[in-house]
Amino acid sequence: MSVRGAALLAMASQMGAFAIQFAASVILARWFIDPDELGLFTIAFSFVSLLAVLQEFGINRYVAGEPDLGEDGIRTAFTVSLAISWAIAIACVLLSWPAAAFYDLPGLLPLLLVVAASYFFVPLATVPMALLHRRMDFKSNTMIEIGVVLTNAAVAITLAWHGYGAIALAWGAFAQQVARAAIAQWRIGGRLPIPPRVTGAMPVLRFGGFSTVLNGMSQLGSRLPELLIGRLLDTVAVGLFARAYGLAWQLRWLVSGGMTTVFYPAFARFRDRGDALGPHYERVTASFTAITWPTMAGLAACSVPVVNILYGERWLGAARPLEWIAMAQILMIALPLHVELPILLKRTRPLLWRFGLDTAVSVVLLAIGAMFSLEAAAASRVAYGFAWLAIHAPFLQSVVGFSWSALIRIWLQSALVTGVAVLPAWLSYIYVAPAIEAGFVQVCGAALVGVAAWLLALRQIRHPAYFEIHHFASLALGRFGLDRLVPAPRAAS
């Protein structure tokens, strides 16, 4: 499968998964789950996830990116994955009791135990999914992603409908991991490390040791907000923050998350061919920023009406945090593949200490913000975004070799089209109705006008991403004889 075709299929997968997750979150929040219950589940899920990050042990990146990997190497990787993962899952179950005692929240222990138990199924999917990515079999990846979110949604909504509250979300997470293991095993042909093999495990352990530390720092930065807010504020604040962060993350993953799984093996091929990676990286950055920046900026501009329309008035406290978190995502998208490429190119030690520094900055800024209010905690994510960019940008340039002038030009072009895209929303608040009174028709109308203005701006300034958008749109519309609806890119003057 070509890189373009894989990217298109991955984006379709993300759109389907997002649609299911989004619909489930709206149904649950609007009719069954309140902020306090979501906050309780979020504390349980974040605590277990922080420990369970050790499970993966970098096996997926090792299998997907290792140039020479035979059947014996795959069986060794699978054996290591099972041994480490199940040990961590047992530890997660045992630590549920002290965690529940630390927070002293009624109902937290059952949530911790259910979520922890779900991680016994994780290693059954890790190596199979990595092999599918290695083969660039994104058809199977699409089936897995759609299947797991559908399972989660069905179980959570059914149990919440019957009045189980926060525990319904925990059983949904449990069912998701079971479904991931089952579908991945089906698509790979029922692969297990039988008999187990530990010969040649040292390369896996060396790679996994680094990757585990790196992932642990990443999880610490992403999961600690909910844990700190739960300790310093309350479960309602956790629920509101989780709703805001979850919506921003889901939307970001919808528009760009699938591309990461495509571009990592693609860059492995570029490396093996001896290509200069700088120009490839500049094109990838153009696509990421041109699509994701306007999406996040639009979410920030429409945070109040979006939360009000989707979740109802009791969730309006999530609107301001959503605005800050969406703006922070813009900064975090400016450098795509900032972890994957240094790992692929064996620049792991410099990456490790930079990750340690940015995690420390994230935790300190968050703790300061959470001492004041929920909004201050959310605003700290923007300050962290600027620090993150300053820490990682020079290093990534030395790894990939992109041109600073080319990258800055791409950023400026993407910033321009982002401003054009969100302008209709701001104008609608002035001439139609203020944000708190804006209805579905106003928000959708502003969004449609913004998308049209965004496409026009991309073409007019000859943004590199417009060539990719034109290519995909022409292929899709050409089947119906409508490819002329998409104007060709402007010729260079």
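**Salt bridges, a surface patch and helix H19**

At a relative accessibility of 56%, Arg-273 counts as exposed, since the threshold for that class is over 50%. In this predicted model, Arg-273 is paired in a salt bridge with Asp-275, and the closest N and O atoms of the two are 2.6 Å apart. The partner, Asp-275, has a relative accessibility of 24% and counts as partly exposed.

The search of the whole structure returned four salt bridges. Another of these joins the side chains of Arg-180 and Glu-145, with an N to O distance of 3.5 Å. Arg-180 belongs to helix H9 (residues 166–188) and Glu-145 to helix H8 (residues 138–161), so this pair ties together parts of the chain that are 35 residues apart in sequence. Both Arg-180 and Glu-145 are buried. A further salt bridge is formed by Glu-323 and Arg-320, whose closest N and O atoms are 3.1 Å apart; the two residues lie in helix H14 (residues 319–333), three residues apart, or about one turn of the helix. With a relative accessible area of 19%, Glu-323 is buried, because the limit for that class is under 20%, whereas Arg-320, at 36%, is partly exposed. Through salt bridges that share partners, Arg-320, Glu-323 and Glu-375 are joined into one network.

For the chain as a whole, the secondary structure consists of 20 helices and zero strands. Of its 493 residues, 54% count as buried, and the accessible surface comes to about 20,700 Å², with 68% of that area belonging to carbon and sulfur atoms. When contacts between residues at least 6 apart in sequence are considered, 82% of them join residues that are at least 24 apart. One pair of residues separated in sequence is Cys-92 and Val-48, which are 44 residues apart along the chain and 6.2 Å apart in space, C-alpha to C-alpha. Cys-92 is located in helix H4 (residues 71–94) and is buried, its relative accessible area being 1%.

On the surface, a nonpolar patch is formed by Leu-232, Leu-233, Val-364, Ile-368, Met-371 and Phe-372, which together have about 610 Å² of accessible area. Within this patch, Leu-232 is placed in helix H10 (residues 201–232); with a relative accessible area of 42%, Leu-232 is partly exposed.

Helix H19 was examined for its length and for the placement of its buried residues. At 1.5 Å a residue, the 21 residues of H19 (residues 440–460) should span 30 Å, and the distance of 30 Å between its end C-alpha atoms agrees with that expectation. Its buried residues are Gln-442, Val-443, Ala-446, Gly-450, Trp-454, Ala-457 and Leu-458. These residues cover an arc of only 125° around the axis, which means that they are on the same side of H19. Phe-440, Val-441, Leu-448 and Leu-456, by contrast, are exposed on the other side of the helix. Arg-462, which follows H19, has a positive phi, near 60°.

Technical notes:
Residues numbered from 1 in each chain as written. Predicted model: local features only at pLDDT ≥ 70, side-chain atom pairs only at ≥ 80, totals over all residues. Heavy atoms only, no water. Helix = DSSP H or I, 4+ residues; strand = E, 2+ residues; numbered from the N terminus. Expected span 1.5 Å × (residues − 1). Buried < 20%, exposed > 50% of the residue type's maximum accessible area, 1.4 Å probe, protein only. Arc of directions from axis to C-beta. Patch = residues over 30% accessible without salt bridge, like charges linked within 9 Å, V, L, I, M, F, W, Y side chains within 5 Å. Areas by Shrake-Rupley, 256 points an atom, 1.4 Å probe, with all protein chains shown as cover. Contact = heavy atoms within 4.5 Å.
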